[in-house]
Amino acid sequence: MSSPLSAIRGVAAALVVASITLCGVTSISQAQEKVRVAFLVKNLGNRFFDAVRDGGTEAAKELGNVEIIYVGPTSATAEGQIEIINSLIAQRVDAIAISANDTNALIPATKRAMQRGIRVVSFDSAIAPEGRIIQVDPSETKLIGAKQVQMMADAMGGEGEFAILSAASTMTNQNNWIAAMKDELKDPKYAKMKLVTTAYGDDQSDKSYRETLGLFKSYPNLKGIISPTSIGIVAAAKAVTDQNLVGKVHVTGLGLPSEMKAAVEAGATKSFAIWNPIDLGYTTTQIAYNLVKGTVKGVPGDEVPTGRMGKVKVGENGVVVMSEPFTFDKSNVAEYAKVF
């Protein structure tokens, strides 16, 4: 015999089903209003950001009522991102997660978005604090810079000339990492290493390749290139291989295992590093969702639940830091290349 409580539950359930049927809705989840999170990346066609999108999609499925909108300009410019932000404002999305092509240029547009109730989060490459609520750093800037110098020193045997091949000169994360590299180079153990120049490939494969060829011509004694961009590091490694400079010029920096596997196996790169872009997209989506739902406000001291990633704490200037970069080499690159 059923209890009165179970009977009440049964009647309530029947009423819910009846009301949903009358409205022509087939499921409760469909009746819920979707939280629309737009990922605005630096540029389309970048596999790092494709992996970020995949992580965002994973989080959206777990949360159940989240829609991911994936957008970006064809080339990595602030102007292209501003145009898209204005379009997203018109679409009345709930949140925008941006990897910024310029620290300050996006602020007027993102301020307009926030004035209309849209929660703005930056990730990977930051918008200045006044233009967003939270910045999600995949790792600490100091650790990222130091790691790349350490890998370069290891590949070069601790001495010789090397260059940096960056993305665009306006990109926050690139500039911060380069500054951190220069701080790391102040350590006396790097006294025999010389940074000769910084070139910019604008996160375009063909331009990064041409800039690398220019480095070979301008610096005939060059022994290494650090590229803190997943597009630049692939282009630099390809140029080294194409010019038969494997063993003479060593390439390291930040890249994806799936794109760097061939370079490592060919010997153009001894080791490189990156964080998991899937986890970055997953965490950013969880944070954006909690901001939209009002679970957190994004002020320093807030602890934000981020699903399988646990909780992250909001620090000074609204910055959330994930984990230190992971190193890939011949021992593990093939395994991770199957993942991202």
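## Serine 125 and the α8–α9 helix pair

In this predicted model, serine 125 touches a set of residues that excludes its neighbours within four places in sequence: Lys42, Ile98, Ser99, Ala100, Gln135, Met171, Thr172 and Asn173. Serine 125 itself sits in a loop, with β4 (119-123) on one side and β5 (134-137) on the other. Is serine 125 buried or exposed? Its relative accessible area is 0%, and buried means under 20%, so serine 125 counts as buried.

Two of the residues in contact with serine 125, alanine 100 and threonine 172, also place a backbone atom by a polar atom of its side chain, as the table shows.

| Backbone atom | Partner | Distance |
|---|---|---|
| Oxygen of alanine 100 | Polar side-chain atom of serine 125 | 2.8 Å |
| Nitrogen of threonine 172 | Polar side-chain atom of serine 125 | 3.5 Å |

A separate part of the structure is the packing of two helices. Helix α8 covers residues 205-218 and helix α9 covers residues 230-242. Their axes are 8 Å apart and meet at an angle of about 50 degrees. The two helices are therefore oblique to each other. The crossing of α8 and α9 is right-handed.

Which residues make the contact between α8 and α9? From α8 come Ser205, Ser208, Tyr209, Thr212, Leu213 and Phe216. From α9 come Ile231, Gly232, Ala235, Ala236, Lys238, Ala239, Val240 and Asp242. By type, the residues of this contact are eight nonpolar, four polar and two charged.

Terms used. Residues are numbered from 1 along each chain as its sequence is written. This is a predicted model: local features need pLDDT of at least 70, side-chain atom pairs count only at pLDDT 80 or more; totals for chains, interfaces and linings use all residues. Side-chain values use heavy atoms; hydrogens and water are left out. Axes are lines fitted to C-alpha atoms, for helices over the stretch in contact, and angles run from 0 to 180 degrees between N-to-C directions. Helices (H or I, at least four residues) and strands (E, at least two) are DSSP runs, numbered from the N terminus. Angles under 35 degrees count as roughly parallel, over 145 as roughly antiparallel, 65 to 115 as roughly perpendicular and the rest as oblique. A crossing is left-handed if the near helix is turned anticlockwise from the far one by less than a right angle, and right-handed if clockwise. Contact means heavy atoms within 4.5 Å. Ala, Val, Leu, Ile, Met, Phe, Trp, Tyr, Cys and Pro count as nonpolar, Asp, Glu, Lys and Arg as charged, and the others, Gly among them, as polar. Buried means under 20% relative accessible area, exposed over 50%, partly exposed in between (1.4 Å probe, protein chains only). A polar contact is a pair of N or O atoms within 3.5 Å; within protein, one must be able to donate a hydrogen and the other to accept it, and residues adjacent in sequence count only if both atoms are side-chain atoms.
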